[in-house]
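Work through these exercises with the structure open. Try each task before reading its solution.

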Amino acid sequence: MRIALKSSIGKGIQFFVFLGLFSCLSQIDFPVEIKGGVLVVTGRISTIADQNIIELGRTAETERLPEPLSGASIEVFDEFGRVAIYSEIETGVYEAQNVIGIVGRTYHIEIKLPNGSFYKSKPERMPAASGLDLIQYEIVEEKVVDFEGIPTSKMFYKIYANSTLDSRNTYLKWRVTEAFLLSPTDFPDPFGSIPPPCFIVQNADPQRIVSIDAGKLATTQLKRQLIASREIDWSFLEKHYFSTYQSSITKDAFEYWRKVDILANQVGSIFDSPPAEISGNLICLSDPLEKVLGFFQACNETFIKKDFYPSDLPFDLRPLVSKCDFTGNTDPLSYKSRCINCIDVRNSSYRRPSWF
Amino acid sequence: MISSKGSSFLFLVLIISVVGKIGLAQENWEMPFTIIGDSTRGNGNAILTGIVINGASKEPLVEAHLSFDFFKYYGRTDQFGRFAIELPPGRYKLVVRYVGMKPAYFRVKVLGSGLLNIAMEEGYELPEVEVSDRPLDSNIKESLAGLSKFTLKEIKNLPAFMGEVDILKSIQTLPGVTSVGEGSSGFNVRGGRSDQNLILLNGAPLFNSSHALGFVSGFNQDVITNFSLYKGNVPANFGGRASSVLEVNTKLGDFEKWQFQGGVGLISSRFLAEGPLVRNKSSILAAIRSSNSDWALQQAENPDVNRSAFNFYDANLTLANKFNERSLLKLNIYSSNDFFRFSQRFGFEWQNFIANAEWKSRTDKKLSPTLNIAFGQYKSTLIDPSPTNPSQLKNNLIYYQIKETVDYLPNEIHSIKSGFESTAYLPKPEALSGYNGNTSIVEKAVDKNYGIESGIFVNDDYRFSENISISAGLRYSIYSQIGSAKVFNYQENTPKLESTIIDTLHFSNGQSIKTYQGLEPRISGRFNLAESQSVKVSYNRMRQYIHQISNTTAPTPVDIWQVSTTYLPPQVADNFSVGYFRNLKDNMFETSVELFYKSMNNLVEYKDFPALYLNPHIETELLSGKGRAFGGEIYARKLKGRWTGWISYTYSQTQVSVDSPNKSESINDGRWFASNYNKPHNFNIVGNRRMGKGAFSFIFTYTSGRPLTAVESSYITDGTVVPVYSQRNQYNIPDYIRLDVSFTIGNVFKKIEDSLVISFYNLLGRENAYSVFYQRPQSNYFIPKAYQLSVLGATLPSITYNFKL
């Protein structure tokens with residue numbers, strides 16, 4: 001309740017009456033001391049085998065996101081000993097394969113870095129699951145107000161969850177990942193080669209954090225809970241997948257996400273909660289004063305995957321967005337950068353997901 | 001949407017040319033002498049006594065000012081309109097002033113002691129060009145340090161946001177008074193928090209003095225007569241807050257004839273009616289002010305704004321009955337309501353209600369008891385009207401207060417005020433329920449804590465000589481938290497968390513749970529160095545047993561008021577100040593330099609990301625800290641002439657420290673850090689130019705930017721960018737600069753006593769930062785970018801028409 005209210009207050013207050021008429025918002029250069037070099041650990045052990053991912057990095061000395069950290073040794077343990085090793089599959093990305101978290105077991109990870117530093121997470125007990133009954137999809141037109149207060153109409157693909165809560169002592173969180181194909185422009189060449197497509201896998205609505213404390217609800221039936229809203233843009237020109245994950249999480253993890261939600265919804269109004277650094281659940285055993293960011297969580301997850309084709313749209317998208325089709329113009333600068341080097345797009349890779 | 005700067009200036013020039021055609025008022029001293037007395041005292045001086053009344057209603061005028069030869073000698077009336085002034089025999093020009101009355105001019109020839117009764121004529125002079133109805137050297141001769149008194153007339157011509165005269169904004173132009181920013185309710189006095197200000201409306205505490213989330217004052221300008229801000233020395237008859245007292249008084253209805261007045265503005269319209277119920281015996285005053293702002297919302301293109309609702313009203317009712325010349329009973333009722341809904345996203349509703357009865361009597365010439373009984377209620381509702389799980393969260397603070405004050409005046413140089421007061425805080429449970437029918441929210445209520453605060457006090461003002469006077473007081477306050485309540489016991493030497501609760505104690509209804517008590521000495525001394533120079537020193541100790549719990553950077557209407565408990569001890573503040581006061585050019589200019597230091601204990605601070613609503617063990621989210629504030633204030637004011645006004649500058653620092661052996665209960669590793677409203681530099685210029693029956697006024701404001709907790713890096717988890725913030729309040733937002741101007745045109749229609757006020761808020765159209773916050777840029781390769789929110793980033797013109805019939 002409190003979270004929902006504060007969050008909605010945040011989103012709306014900047015348009016309040018005169019604020020709506022007389023306020024203004026502008027990006028500024030605000031000098032701060034960039035703090036780099038802090039270890040960041042995020043990831044999970046899941047009841048879904050391919051979701052046991054941990055990412056390691058260090059905050060950058062610049063304004064960029066953390067630099068991935070390679071070469072670490074990561075192990076996950078339960079009450080009975082070591083369960084698995086997380087192996088590095090990409091720079092800074094580690095995966096424990098062929099492992100499934102077991103309800104009621106308590107998990108923690110231990111990390112050893114190449115420089116000898118040793119880290120450990122607080123234990124997380126794998127919660128019981130709640131059923132994800134149904135996912136509903138909807139395409140709607142909405143007016144969106146930009147920072148300058150100018151409303152424009154845009155089309156959105158919205159995803160709703162219907163769930164049955166098995167227990168009141170449950171904390172749930174939803175996330176929706178999307179995967180889509182991006183085919184770069186196929187310029188004519190004497191060899192007739194076709195540039196390989198890229199596959200983009202990412203969170204469909206990353207700043208929307210939907211989580212609930214079931215103990216605060218009067219019903220065990222959750223109906224039409226909006227969990228993601230994705231603007232329909234060029235990415236819908238090709239096949240699209242949406243995977244909706246419903247995670248039962250621990251109370252500590254719920255608290256962590258509650259704080260992330262507060263920070264994600266700051267709008268500078270008097271109703272903003274004062275921001276602060278979020279403490280995670282990892283500590284450095286070799287240097288207790290060292291700060292570690294991030295959270296390792298044990299998630300009992302269920303998911304539903306849905307594919308979506310351009311033909312599923314109730315309108316023709318092609319005239320509305322810029323495409324990567326070859327137009328006869330051989331000057332690469334006349335094309336969008338994503339059409340030239342699709343791998344430069346955030347979260348892009350040439351690796352095709354096995355289910356794609 | 002708004003007028004451009006260019007068009008604003010053109011309009012400004014036009015208005016100046018119109019206003020400038022109106023001539024200047026002149027005082028007239030061509031009248032015969034009034035001869036008084038035939039004998040003198042042993043020292044050769046005469047004692048003039050008498051009473052000042054409203055000639056129409058026969059009502060005694062309290063605190064009317066009498067000035068002989070431009071304040072060479074002066075006095076003021078007591079609560080029964082009486083005065084006694086000692087002066088040498090001679091010829092004098094006497095001016096008597098009172099709010100809402102035309103100044104009365106006399107030439108008097110004093111031969112010896114005698115009686116002078118004065119009946120004043122009602123009048124609505126626009127504008128009142130002299131900035132003060134007080135003795136011009138009152139700043140030199142007043143015993144209390146840090147006291148600012150204003151009549152509504154003194155601020156009525158000042159530029160105001162959307163034309164709404166606002167006493168809270170006006171006092172923020174005084175040295176040592178600031179606020180977090182535009183659109184925030186509350187103000188900060190000499191480093192004190194906004195909840196450390198006791199706001200009294202006719203003697204009864206008011207817990208929210210703003211409409212429209214802080215943009216508009218909760219006080220109807222037609223009803224207010226005067227207000228006083230005690231920011232330095234606070235007399236012992238006031239208690240319960242740790243920083244300052246703002247005392248606001250409303251007027252009585254006319255005892256003689258019916259009168260009507262009102263105004264129409266862009267934001268609100270108001271109407272007041274007053275008149276006798278029984279001629280010369282009882283009167284009634286009824287006033288209402290209501291917003292008319294929904295039209296503005298409808299004009300907005302933004303679909304969220306034009307689907308929103310915003311309205312407020314306030315109403316005042318005052319009944320007065322004179323049983324005889326020595327006894328007056330007043331019944332005041334104040335009610336206000338605000339409703340604000342933003343689209344289908346969220347809403348607020350908050351209400352004030354105060355009913356108080358005040359009985360003033362005079363048993364003999366020296367003793368005057370006053371009894372005040374009050375009932376107050378502050379209700380707030382936080383609404384979530386969203387289609388899924390609509391809900392509302394309600395808080396309701398109720399209090400009952402009784403206060404008896406006895407004024408004893410042995411002679412004209414000595415006065416004693418003593419009495420007692422007791423306040424019971426009985427809040428209703430904090431309740432969460434569904435909103436508008438269907439909801440899946442579990443209804444929940446959390447009991448709030450009860451408390452009774454009592455105090456006895458005595459304050460003695462004594463003038464040892466013309467050069468030395470002392471105001472000394474002592475207050476003893478005692479507070480008890482009472483049942484019914486649950487008190488949780490926590491493991492020793494561990495942070496207070498839900499998980500460290502080891503026992504729960506249950507207390508029955510009315511049972512005493514925890515008691516706090518202590519003495520609160522108050523002293524202020526004035527030492528004249530010369531006729532127009534004085535030094536004042538003061539020391540206060542003040543205790544506060546009720547606290548505003550706020551999880552936001554600035555106070556909001558839905559903040560929770562929480563009484564002291566076992567784990568929430570009273571805030572205790574020690575305030576020191578010393579000031580040098582000097583008037584120049586026959587009191588044309590008053591100047592002062594003041595230094596202050598304030599130390600505060602048991603300040604309420606918050607853990608990071610506290611969950612304050614519906615929390616039965618709220619102490620698990622709170623921390624106890626200590627605070628300090630220090631600074632210097634420079635003030636110069638011009639009191640006479642066509643141009644009047646003041647310049648103020650304050651340099652101050654306000655800091656907090658929260659330290660604990662448990663790291664989770666420390667803030668910034670226990671080091672001192674700036675409070676949310678710490679603005680070291682605060683500079684104001686207020687000017688008022690008399691133009692016959694019109695006036696031109698301006699306010700220029702500069703303040704340092706307030707502290708900010710800023711993003712220093714970030715990371716991504718599950719695709720969400722998580723900003724990593726600095727330690728608390730380590731940075732500052734950009735500085736704030738604003739210029740407001742207004743024009744008052746009197747007698748718009750010749751047969752009506754009226755005025756037209758045109759004002760331009762933020763004439764420079766400057767986009768001042770209300771806050772700096774962070775949002776993720778389009779490319780999530782980068783950390784969140786800083787954005788500046790300017791609440792009022794444009795010039796706001798407004799026009800208000802006032803009338804009196």
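**Exercise 1.** Find the bridge partner of B:Ile53 in strand 9 of chain B, then work out how strand 2 of chain B pairs with its neighbours.

*Solution.*
- Step 1. Start at B:Ile53. Its bridge partner in strand 9 of chain B is B:Ala119.
- Step 2. Take the whole pairing. Strand 2 of chain B and strand 9 (residues 118-120) of chain B run parallel, joined by three bridges.
- Step 3. Go to strand 8 (residues 114-115) of chain B. Two bridges link this strand to strand 2 of chain B, again in the parallel sense. Here B:Thr49 stands opposite B:Leu115.
- Step 4. Turn to strand 5 (residues 82-87) of chain B. Its pairing with strand 2 (residues 46-54) of chain B is antiparallel and has six bridges. B:Ala46 has B:Leu87 as its bridge partner there.

**Exercise 2.** Decide whether B:Leu94 is buried or exposed, and list its contacts beyond four places in sequence.

*Solution.*
- Step 1. Place the residue. B:Leu94 belongs to strand 6 (residues 90-97) of chain B.
- Step 2. Count its surroundings. There are 22 other C-beta atoms within 10 Å of B:Leu94. The cut-off for burial is 20 or more. So B:Leu94 is buried.
- Step 3. Set aside neighbours within four places in sequence. B:Leu94 then contacts B:Leu66, B:Phe68, B:Phe106 and B:Val108.
- Step 4. Add a distance. B:Arg628 is 534 residues from B:Leu94 along the chain, and their C-alpha atoms are 47 Å apart.

**Exercise 3.** Check the length of helix 3 of chain A against its expected span, then state how many of its residues are buried.

*Solution.*
- Step 1. Helix 3 (residues 251-264) of chain A has 14 residues. At 1.5 Å a residue, it should span 20 Å.
- Step 2. Compare. The end C-alpha atoms of helix 3 of chain A are 20 Å apart, which agrees.
- Step 3. Now burial. Eleven of the 14 residues are buried, so helix 3 of chain A is mostly covered. Among them are A:Tyr256, A:Trp257, A:Arg258 and A:Asp261.
- Step 4. Recall the geometry. An α-helix has 3.6 residues a turn, so residues three or four places apart point the same way.

**Exercise 4.** What confidence scores does this predicted model carry, and where in chain B is the pLDDT below 50?

*Solution.*
- Step 1. Take the overall scores. The model has ipTM 0.87 and pTM 0.81.
- Step 2. Look at chain B. Its average pLDDT is 84, and 87% of the residues score at least 70.
- Step 3. Find the low stretches. Residues 1-27 of chain B fall below 50, with 34 contacts beyond near neighbours in sequence. Residues 124-133 of chain B are also below 50, with 29 such contacts.

Note on methods. Residues numbered from 1 in each chain as written. Chains lettered and ligands numbered in written order. Predicted model: local features only at pLDDT ≥ 70, side-chain atom pairs only at ≥ 80, totals over all residues. Pairing = 2+ DSSP bridges. Helix = DSSP H or I, 4+ residues; strand = E, 2+ residues; numbered from the N terminus. Expected span 1.5 Å × (residues − 1). Buried ≥ 20, exposed ≤ 12 C-beta atoms within 10 Å, placed from the backbone. Contact = placed C-beta atoms within 7 Å. pLDDT = per-residue confidence, 0-100.
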